[in-house]
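Biologist: Could you take a close look at one part for me, the side of one chain that touches its partner? Please start with the chain itself and then work outwards.

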Amino acid sequence: MKRSHWSIPYVVFMAIFVVLPLLLVMLYAFQDESGRFTLANITRFFSDSDALGTFAVSLEVAIENTLICILLGYPAAWILANKELNRSAVTIILFIMPMWINALMRTLATAEIFNMIGIPLGKGTLLFGMVYDYLPFMIYPIYNVLAKMDRSYLEAAQDLGATPWKVFWKITVPLSMPGVTSGILMVFMPTVSTFAISEFLTNNKIKLFGTIIQENINSSMWNYGAALAFIMLIIIGITTMFSGERKEAEEALI
Amino acid sequence: MKKFFAQAYIWLLLLLLYAPLILIAIFSFTESRVLGSWTGFSTRLYANLFSGQMQESGSLLAAVENTLLIAFVSATVAMVLGTVAAVGIHNLQGRKKQAVTFLNNIPMINPDVITGVSLFLLFVFLHLSQGYLTVILAHITFGTPYVVLSVIPKLRQMNPNVYEAALDLGATPAQALRKVLVPQLRPGMISGFILAFTMSLDDFAVTFFTRGTIGLETLSTYIYADARKGGLTPELRALMTLIFLIILILLLIINVRQTKMQKVNV
């Protein structure tokens, strides 16, 4: 048996548990309850002001969350990967460790802190909680790329007379882009599709797109739920295509 | 100076990240029902955890057991499936390799809700009654890609002739696998297992959609139901603090051992 055949069990597994389910989402999205083909579920979304509003808010929160995570996370990853500024491996572990504590529990505790200091739950607290939940997912891939980066490029640029600022923008930033891309993938889509967390952080005032999908599926509106999931799949496709360099981005994760 | 600002920034971020956890830990030593009101020092919450009233089925400790069981089984299967797949993918070429790699990426890019809903529809379609089995299958689905991605770099570092040599020298394929391949891939397999295990522990959305209606609760779904009922079981605070301490100690041990090994190697 050729060793390339070793991938066959996994391919079969993925066909059943990844490809087939996604095909079923599409199938349900274009069917009515009696199983006939229809576009009604899709058109319903575009006339459903509730769902459209949620969709817009979700995108807005996701974009803001991603930007804040990059702004806060990039400097942190840069410092952590810089041997002159940070000699201990413990600090990077400290950034990853909260991920091992249940996310819902952490979110509830965050909401409780806002209650304690008297900040009303709403958009601001939602954004704070999202940044809090997703920041490690931005820091880690950027850190990984920066830590593996060949330092001699930086030295070469310096020797050739580039200012530290220029070295950073012309060498470090472009070389770390796969990490940033990977971070965006890890932060943006999960934010759009979050449910539960957004309810806890806003006291049910703001719903994100994931909540709407969940509500429809849970109340047995499978076809409309599937249509909403299908719309999200299309957006995922677009984001992934735009993010390019996908392979390197994924390698940045490990 | 630069170093001072850098360190200050890092520690400020860490303080923010840990604030809720510290809060949970502090309020695990008081009996009040709500987080945030202090009614005097007490270790009752910890005592309650182990006293038996929390151990009936449908209780908090049952949820913890389910969480650990599901994470362990799914991460173990993911590790085996993913390692075999990684060897296969590593030996594929051209288009086929691209296609399988693409397939491997889908569960990683898909948000939890999509994975959950799509698997829910699959289990309905297959008339599979939902419970432990479906949750474990779902967790294997999103865990295995991480194993594949952890093992492939190890395969790249490995000398491809070593396995061949073992076969030429008379090892059976099973022996060559056990004595040559697995030892070289072990670090990748372990980190893949840990990733899959972590993802499973922390998962809420996928479990939520695939657990069916048999009353199967994991820690996440338990907390969700609890919070919706309005108010967390106070014992959760003690439990979270314990989990946090266990993880902290484990990580410190791993870290100390690694530093020691590095010193020996130098």
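Modeller: Happily! In this predicted model, chain A is built from 12 helices and 0 strands, so its pattern along the sequence reads α-α-α-α-α-α-α-α-α-α-α-α, with helices and strands taken as DSSP runs. Its C-alpha atoms fill a box of roughly 70 × 65 × 30 Å along the principal axes. Chain A has 254 residues, of which 46% count as buried. Among contacts in chain A with a separation of 6 or more, 73% come from residues 24 or more positions apart.

Now to the side you asked about. Here 68 residues of chain A are in contact with 64 residues of chain B. The elements of chain A that give two or more residues to this side are helix H1 (8-29), helix H3 (49-81), helix H4 (90-96), helix H5 (103-116), helix H8 (164-193), helix H10 (209-218) and helix H11 (222-243). H1(A) supplies the largest share, with 14 residues. By residue type, the side of chain A that touches chain B divides into 52 nonpolar, 12 polar and 4 charged.

Across in the partner, one helix pair rounds out the picture. In chain B, the axes of helix H3 (residues 60-91) and helix H6 (residues 132-157) come within 6 Å and cross at roughly 45°, which means that H3(B) is oblique to H6(B). Their crossing is right-handed, and the residues of this contact comprise 19 nonpolar, 7 polar and no charged.

Terms used:
Residues are numbered from 1 along each chain as its sequence is written. Chains are lettered from A and ligands numbered from 1 in the order in which they are written. This is a predicted model: local features need pLDDT of at least 70, side-chain atom pairs count only at pLDDT 80 or more; totals for chains, interfaces and linings use all residues. Axes are lines fitted to C-alpha atoms, for helices over the stretch in contact, and angles run from 0 to 180 degrees between N-to-C directions. Helices (H or I, at least four residues) and strands (E, at least two) are DSSP runs, numbered from the N terminus. Angles under 35 degrees count as roughly parallel, over 145 as roughly antiparallel, 65 to 115 as roughly perpendicular and the rest as oblique. A crossing is left-handed if the near helix is turned anticlockwise from the far one by less than a right angle, and right-handed if clockwise. Ala, Val, Leu, Ile, Met, Phe, Trp, Tyr, Cys and Pro count as nonpolar, Asp, Glu, Lys and Arg as charged, and the others, Gly among them, as polar. A residue is buried if 20 or more other C-beta atoms lie within 10 Å of its own, exposed if 12 or fewer, and partly exposed in between; C-beta atoms are placed from the backbone. Two residues are in contact if their C-beta atoms, placed from the backbone, lie within 7 Å.
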